[in-house]
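Colleague: Could you take me through this model slowly, and tell me for each term why it applies?

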Number of protein chains: 4
Amino acid sequence: MRADNTRGFASDNNSGVHPDILKAVSDANTGHVVAYGDDRYTRAALIRFEATFGKDIDVFFVYNGTAANVLGLKSATRSFNSIVCAETAHINVDECAAPEKFCGCKLLPVPTKDGKLRVADIEKHLHGFGFEHHAQPKAISITQPTELGTLYTHAEIKAIVDLAREHDLIVHMDGARISNAAAALNSDLKKCTRDLGIDLLSFGGTKNGMMFGEAIVFFNRALSANFKYTRKQSMQLNSKMRYISAQFEAYMSNALWEKNARHANDMARLLKQGIDDIPRVRITQKVETNGIFAIIPAQYVQELQKAFFFYVWDESTSEVRWMTSFDTQPEDIKTFVQLLKNKLT
Amino acid sequence: MRADNTRGFASDNNSGVHPDILKAVSDANTGHVVAYGDDRYTRAALIRFEATFGKDIDVFFVYNGTAANVLGLKSATRSFNSIVCAETAHINVDECAAPEKFCGCKLLPVPTKDGKLRVADIEKHLHGFGFEHHAQPKAISITQPTELGTLYTHAEIKAIVDLAREHDLIVHMDGARISNAAAALNSDLKKCTRDLGIDLLSFGGTKNGMMFGEAIVFFNRALSANFKYTRKQSMQLNSKMRYISAQFEAYMSNALWEKNARHANDMARLLKQGIDDIPRVRITQKVETNGIFAIIPAQYVQELQKAFFFYVWDESTSEVRWMTSFDTQPEDIKTFVQLLKNKLT
Amino acid sequence: MRADNTRGFASDNNSGVHPDILKAVSDANTGHVVAYGDDRYTRAALIRFEATFGKDIDVFFVYNGTAANVLGLKSATRSFNSIVCAETAHINVDECAAPEKFCGCKLLPVPTKDGKLRVADIEKHLHGFGFEHHAQPKAISITQPTELGTLYTHAEIKAIVDLAREHDLIVHMDGARISNAAAALNSDLKKCTRDLGIDLLSFGGTKNGMMFGEAIVFFNRALSANFKYTRKQSMQLNSKMRYISAQFEAYMSNALWEKNARHANDMARLLKQGIDDIPRVRITQKVETNGIFAIIPAQYVQELQKAFFFYVWDESTSEVRWMTSFDTQPEDIKTFVQLLKNKLT
Amino acid sequence: MRADNTRGFASDNNSGVHPDILKAVSDANTGHVVAYGDDRYTRAALIRFEATFGKDIDVFFVYNGTAANVLGLKSATRSFNSIVCAETAHINVDECAAPEKFCGCKLLPVPTKDGKLRVADIEKHLHGFGFEHHAQPKAISITQPTELGTLYTHAEIKAIVDLAREHDLIVHMDGARISNAAAALNSDLKKCTRDLGIDLLSFGGTKNGMMFGEAIVFFNRALSANFKYTRKQSMQLNSKMRYISAQFEAYMSNALWEKNARHANDMARLLKQGIDDIPRVRITQKVETNGIFAIIPAQYVQELQKAFFFYVWDESTSEVRWMTSFDTQPEDIKTFVQLLKNKLT
C-alpha cells in the first residue's frame with residue numbers, strides 16, 4: 001500500500017485522518033440519533049467550542065472551507081457590498097468565483113508581498129461610501145496564516161480590526177489553518193481570533209487531521225440570526241451531523257488541534273533547516289507555519305515530484321510550495337532533504 | 001449508550017453507518033493521496049459506477065442530496081427555465097428554496113395523491129414555449145421512490161421520459177432512496193434509471209448506510225461538460241475525496257446497497273403486517289418501500305414518540321410517517337407494534 | 001398611418017402616450033441637470049408622491065413593472081424566504097422567473113377563481129416557520145386590480161394585511177393598474193394602498209398613458225434603507241432621470257391618472273353593455289376595471305383579431321381578453337360590438 | 001429656466017435629448033402597436049442596425065448601459081467564468097457589482113495608465129484553464145473610448161481580439177460612447193467594432209443625445225440564442241418598445257450619431273486649446289474624444305463648480321473631469337476658459 005500512498009509535500013489536504021478522529025467517528029456509530037444536528041454529539045461539540053472560544057457564540061458546521069468562507073461572508077454582506085482581501089486569498093484564487101456567485105459581492109483583491117493585508121492597502125479601497133454606483137465596502141477577509149505560510153502578528157490584526165470598526169466593516173478570518181497559526185504564535189485559539197475583535201471565523205480542521213467538515217464561528221452574533229436557513233439553502237446542512245460533530249469534539253479535546261499543528265510546523269522548520277544551506281534553493285517567504293515557498297532550478301522539478309509529489313506555485317519563477325502536515329515524519333524530511341542535496345548541490 | 005441512541009422510525013437519516021462502509025473509510029486511511037478526486041480510491045469507485053450503470057457516463061460526488069438535486073438540475077437548465085415536479089418533491093418542500101436560489105429557475109409543483117407525477121398533469125405545464133414572458137419548461141424531476149414511499153412502475157417512468165423527449169426536456173431522478181426502489185422492484189440500478197431514459201440521477205446512499213456523500217450520475221453527458229466547475233463553485237468539492245469514494249466503492253460492492261435496501265423494505269412490510277389489523281391505524285399510502293404513512297388518533301402521538309421517535313407528516317389529519325432503515329431490527333418492529341396495539345386497541 | 005396603428009383591444013400596453021405626458025417630457029428637455037435623480041424634476045415628482053400618498057414614504061423610480069415587483073419584493077425578503085401570490089399573478093406567470101432569479105425566493109402560487117387571494121388560501125402556506133428545511137414565508141403579493149380585471153374590496157385587503165401582521169409578513173401590491181382600481185372604487189390612491197396597511201406598492205402608469213418608468217413606493221420605510229444600491233446593482237437606475245420624473249409629475253397632476261383610468265374603465269363597461277346580449281359571448285369575470293374576459297366560439301377568433309387585435313387567454317376554452325385603455329374611443333367600441341354581432345349572432 | 005438648467009461639464013448624461021430624437025418619439029406616438037417589440041418602429045430600427053453593421057447580427061434593446069454590459073457579458077459566460085477588464089472600466093467601478101451579482105463571474109481588473117488594456121496585461125490573467133479551483137477566463141471587456149477619454153487604435157483592438165481567439169475567449173466592447181470614438185477615428189461604426197472581430201457590443205446613445213435605451217449588438221450570433229429570455233428575466237424588456245426603437249431609428253439616420261459625437265469631440269478640443277496655456281492646469285490624459293482630465297489646484301475646485309458643475313475624479317491628486325456633449329456650445333467653452341484663466345493665472 002505504501003508504494004501508492006507515499007507521504008509527500010504537496011498539500012496538507014493530501015494527508016489522511018488522525019487516528020483519534022477516526023476513532024471518534026467510529027465511536028459515534030451506534031444506534032439512531034436525530035439528524036441535522038439536534039443530537040448529543042453535536043451538543044457536546046458545541047460545548048467544546050464554548051470552552052475554547054468562550055460563551056455567547058454561534059457555531060455552524062458546514063462541509064468544507066469554501067462553504068465556511070463564502071457563507072460566512074454572505075452572512076455579513078448584501079449583494080451590493082464589496083469585500084477586501086489579499087490577492088492571494090483562497091476566496092480570490094481558489095474558489096472558482098464562489099464568493100461572487102453566492103454573495104453577489106465584488107472582491108477587492110490587494111496585491112501583497114507576503115500574503116498579508118496592511119492597513120494602508122485596505123484604506124485605498126475604503127471610499128465611495130453612500131455612492132450608489134460603487135459597490136459598498138462591508139467586509140475585510142484575512143487569512144491566518146496566509147496562503148504563503150506567513151503570520152500576522154496580533155498587533156497587525158488589531159490594526160485591521162480597528163480600521164474596520166471605523167468604517168463599520170466586519171472582519172472575517174479564513175482559519176483553514178488557524179491551528180497552525182495558534183501553535184506557531186504560542187497562543188491559543190481564542191486569543192488568536194475572538195480576542196482580537198474578529199467578527200467571524202472559518203475554523204478548519206481538515207488540513208490538520210480531520211476527515212471533512214468546517215465550522216463557522218460567529219463571535220458577532222448579529223450576523224448569525226438567519227444563518228440556519230442560509231446553510232440549508234446553500235446545500236451545506238449535513239444530515240448525519242454526528243459524524244462531523246464527533247470529529248470536532250475529538251479535534252478540540254486533549255489539544256489534538258495543537259499537537260497536530262505544532263508537529264506540522266516543526267516538520268516545516270526541520271525541512272527549512274535541512275535546505276538552508278543548499279545554495280540553489282532560495283526560500284522566498286518566512287517559514288512561520290507548515291509551508292515552505294522556494295525557488296529551485298526548473299529542470300529538477302519533475303524528477304523531484306516523482307519521489308515526493310508537490311506543486312509548482314509560480315511557473316514563471318519556478319517557485320514551488322512544500323507543505324508539511326500532522327503525519328509528516330522526520331524521516332520523510334530527511335529523505336527529501338537528502339534528495340534535494342543530491343540533485344541541487 | 002443504547003438508552004440515548006435508541007433506534008426509532010423517524011428517518012433513515014437517523015440511522016448510523018453500516019460497518020462495511022466504516023471499514024472502507026478506515027481502510028482508506030493510510031498515507032497521502034492527491035486531494036479533490038485524483039486518487040485511486042476515486043478511480044476505483046468510478047469503475048464501480050461503470051460496472052453498475054454501464055460505460056459512457058460521468059459521475060461526480062457531492063456532499064449531500066440537496067446538492068445532487070440542485071446542481072444536477074442546474075447542469076440541465078438556464079435561469080429562465082422551469083422545472084416540473086411533484087408538489088411533495090424534496091426539491092419543492094425540503095430544500096429551503098435552494099433550487100430557486102441556485103438554478104434561478106421556477107419550480108412548477110404538481111399536486112398528486114401519491115407523490116407520483118403523471119403525464120397528464122405534467123402536460124398542463126408544457127406551454128408557452130418560445131414566449132419570452134414565460135419561464136421555459138426544461139426539466140422534469142421525479143423521485144423514485146416518491147417522498148410518500150410509493151413506486152413508479154418502469155412503464156410510468158418511460159411515459160414521462162417519452163413526454164420529455166417530445167418537448168426537448170430532460171428528466172432528472174431524485175434517487176436519494178433509489179436502492180430501495182430497485183430492491184422493491186426486483187430490478188437493478190441500471191434498469192431502474194438509465195434504461196428508462198433518465199438523463200441524470202441523484203444517487204444517494206446516506207439514507208441506506210453511508211456516512212455522507214451523494215453521486216450525480218450523468219447518463220446524458222451533454223449535461224456534464226462544465227460540471228466540475230459548477231461543483232467547485234457551488235462549494236461541493238470535497239478535499240479528502242477518498243473518504244467519499246471509499247464509501248461508494250463499498251456501497252456498490254457485494255450488493256451492499258441492495259442488501260441494506262431490501263432489509264429496510266422488509267422491515268416496513270413487517271411493520272405493515274403488524275399494524276394492518278389495528279383498526280385505529282389507517283395506512284394512507286401503498287407500502288412499497290421503507291416508509292409507512294398512517295393516520296392515528298392525535299392524542300397518542302406524543303406518548304408513542306417518546307418510546308420510538310417519529311415525525312408527524314400532516315398535523316391537520318394526524319398523519320404520521322414511520323421509516324425503517326438498514327439497521328432496523330425485527331425486535332424493534334415487534335416492540336413498536338405491541339406498543340401500538342396496547343395503546344390503540 | 002392609421003391603417004398600421006389601429007387601436008385595438010389587445011393590451012393597454014399597446015396604446016401610446018397621453019399628450020400631457022409627452023408635453024411634460026418635451027418641457028423637461030432643456031439644458032443640463034444632474035443625472036441619476038438629483039434634479040429638480042425628480043424633486044418635484046417626489047413632492048407630488050407625498051401629496052398623493054402622504055409624508056414619510058420613500059419612492060424610487062425604476063424602468064418597468066417587472067423591476068418594480070421584483071426589486072420591491074427583494075427589499076422585503078432574503079433568498080430563503082417564500083412569497084405567496086395568486087397563481088395568475090404577473091410575478092408568477094409573466095416575468096420569466098425573474099422573482100426566483102433575483103430574489104432567490106420560492107413563489108407559492110395559490111389557485112383562485114377570480115385572481116383574488118383569500119385569507120384561507122394564504123393560511124395553507126403559512127407553516128414551517130423556524131424549520132430550516134422549509135423556505136420561510138415572508139411576503140404576500142396581491143394585484144389590484146387582479147390580472148383578471150377584478151377588484152379586491154378594501155375589507156378584503158385589510159383582512160390579508162391583518163393576516164400578514166399576525167405572521168410578521170409584509171404585503172406587496174402590484175399596482176400596475178392601481179389607477180384603474182382607485183377610479184373604479186371611487187377611492188383615491190392613498191386610500192387604496194397605504195391606508196389599508198400595504199407595506200410597499202409597485203405604482204405603474206405605463207398602461208395608463210405613460211411612456212416608461214414605474215415607481216416603487218415604500219410605506220414601510222424599514223424596507224428601503226439600502227434600496228438605492230439594489231436599484232443600481234439591478235440595472236434599474238436611469239441616467240437621464242428627469243424624463244421619468246417629468247412623466248410622473250404630469251401623471252399625478254390634474255388627476256390625469258384618474259381621468260385616464262376612469263375613461264378606460266368606462267370604455268370596458270360600454271363594451272360589456274354592447275356584448276351582454278350576444279348569446280355566444282359568455283363573460284367569465286366581473287367587469288370591474290378595464291378588462292373583459294369572455295369565451296367566444298373558437299372559429300371566429302382569427303377573423304376578429306384581424307380587425308381588432310386581442311389575445312386568447314386560454315386556448316383550451318377559447319377564452320379571450322379584451323382590454324380598453326385611456327385612448328380607446330367610443331367609436332372603437334361601437335365598431336367592435338357591431339362586428340361581434342355580425343359574426344356571432 | 002436657464003438659470004437652473006445651465007449647461008456644464010459634469011457629464012454627457014446631464015445633457016438633454018436632441019430635438020430630432022424627441023421628434024421621432026413624438027412622431028411614433030399615434031394609435032396602437034403591439035407591445036414588447038413586435039412593431040414596425042422596432043423593425044425599422046433593426047433594419048437601420050443592419051444597414052450600419054451589416055447583416056447576420058442580432059440586436060436587442062435594453063434600458064441602459066449597465067444592462068447592456070451585464071447582460072451582454074452574461075450571454076457569453078457561465079457563473080464559473082472570469083472577465084478581464086481595465087481597472088477603470090465602468091463594469092468594474094460604476095455598476096455596484098452588477099456583473100458579479102448577475103453573471104456570477106469574477107472580474108479581473110487590470111491597472112492601466114490610460115484606461116487601455118494591453119495584451120501583455122491580459123495575458124497575466126490567462127492561466128488556470130481546465131483547473132476547477134480557478135474561475136475560468138472567458139471574456140475580455142474593452143471600453144472604446146475608455147473611461148479616460150482615450151482611444152484604442154484599430155490595431156490595438158485587433159491584437160486583443162487575436163489573443164482572445166487563441167484562448168477561446170470572447171471580446172465585449174462597452175460602447176457607451178462608441179460614436180465619439182468612431183467620429184474621432186474618422187471611421188464608421190462597423191469598422192470600429194464588427195470589422196475588428198468584436199463579438200458583441202454595448203451600443204449606447206444616451207450620452208450622445210438619446211433619452212434612454214441601449215442596444216446589445218451580437219456580431220457573434222452563437223451568443224444570442226436565448227437572449228430574449230435573459231432580457232425579460234432580467235427586467236429589461238420594455239413594453240412600449242416603439243419609444244426606444246424610434247429613438248435609435250432617428251439616431252442612426254442622417255448620421256445624427258456622428259454629427260453629435262463630432263460636435264462633442266470638437267468642443268473638448270476647443271476646451272483643450274483654451275486651457276493648454278494655463279500653467280496651473282495640467283492635462284493628464286490625451287484628449288481624444290469628449291472628455292478632459294486635468295489636475296488643478298484644489299482650492300479653486302468648489303468655486304469653479306458653482307459656475308459650471310463638474311466632478312472631481314481623484315481627490316488625492318485634485319484631478320478633475322470635464323465632459324463635453326452634443327449640446328455644448330462654443331460660448332460655454334469660452335466662458336469657462338475665461339473663468340479658468342481668471343482664477344488660475
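Modeller: Let us begin with A:Ser11, which is found in the segment before α1 (19-27) of chain A, where helices (DSSP runs of H or I, at least four residues) and strands (runs of E, at least two) are numbered from the N terminus. Please keep in mind that this is a predicted model, in which local features need pLDDT of at least 70 and side-chain atom pairs count only at pLDDT 80 or more, while totals for chains, interfaces and linings use all residues. Residues are numbered from 1 along each chain as its sequence is written, chains are lettered from A and ligands numbered from 1 in the order in which they are written, and side-chain values use heavy atoms, with hydrogens and water left out.

Colleague: Why is A:Ser11 called buried?

Modeller: Buried means under 20% relative accessible area, exposed means over 50%, and partly exposed is in between (1.4 Å probe, protein chains only). A:Ser11 has a relative accessible area of 10%, and therefore it counts as buried.

Colleague: Which residues is A:Ser11 in contact with, leaving aside its neighbours within four places in sequence?

Modeller: With those neighbours set aside, A:Ser11 is in contact (heavy atoms within 4.5 Å) with A:Arg321 and A:Met323. In addition, a polar atom of the A:Ser11 side chain lies 2.9 Å from the backbone nitrogen of A:Asn13.

Colleague: What makes C:Lys190 and C:Asp195 a salt bridge?

Modeller: The term requires a side-chain nitrogen of Lys or Arg within 4 Å of a carboxyl oxygen of Asp or Glu. In this pair the closest N and O atoms are 3.1 Å apart, so C:Lys190 and C:Asp195 satisfy the rule. Side chains of opposite charge can pair when their charged atoms come close. Both partners count as partly exposed, C:Lys190 at 28% relative accessibility and C:Asp195 at 39%.

Colleague: How do you know that D:Lys124 is exposed?

Modeller: Its relative accessibility is 61%, and exposed means over 50%, so D:Lys124 belongs in that class. D:Lys124 also forms a salt bridge with D:Asp121, with the closest N and O atoms 3.6 Å apart.

Colleague: What does the pair of D:Lys343 and D:Glu303 tie together?

Modeller: These two residues form a salt bridge in which the closest N and O atoms are 2.5 Å apart. D:Lys343 lies in helix α13 (residues 330-344) of chain D and D:Glu303 in helix α12 (residues 301-307) of chain D, so the pair ties together parts that are 40 residues apart in sequence. D:Lys343, at 27% relative accessibility, counts as partly exposed, and D:Glu303, at 42%, is partly exposed as well. Over all chains, a search of the whole structure finds 84 salt bridges.

Colleague: Why is the relation between chain B and chain C called that of a two-fold axis?

Modeller: Chain B can be laid on chain C with an RMSD of 0.0 Å by a turn of 180° and a shift of 0.0 Å along the axis, the superposition being by least squares on the C-alpha atoms of residues with pLDDT of at least 70 in both copies. That is the relation of a two-fold axis, which is why the name applies. The same surface serves both copies, since 100% of the contact residues of chain B recur in chain C.

Colleague: How many salt bridges are counted between chain B and chain C?

Modeller: The count is 2 salt bridges, and in one of the pairs that meet this way the side chains of B:Glu100 and C:Lys106 come to 2.6 Å, N to O. Of the residues of chain B, B:Glu100 also comes closest to the rotation axis, at 2.7 Å (C-alpha). The contact takes 19 residues from each of the two chains, B and C.

Colleague: What makes up the area buried between chain D and chain C?

Modeller: Buried area is the accessible area (1.4 Å probe) that two parts lose on being put together, summed over both. For chain D and chain C this comes to about 5100 Å², with 55% of it on carbon and sulfur atoms. On the side of chain D, the residues that lose the most area to chain C are D:His32, D:Met235 and D:Lys240, together 17% of what that side buries. The count between these two chains is 0 salt bridges.

Definitions and conventions. Polar contact = N/O pair within 3.5 Å; in protein donor to acceptor, adjacent residues only side chain to side chain.
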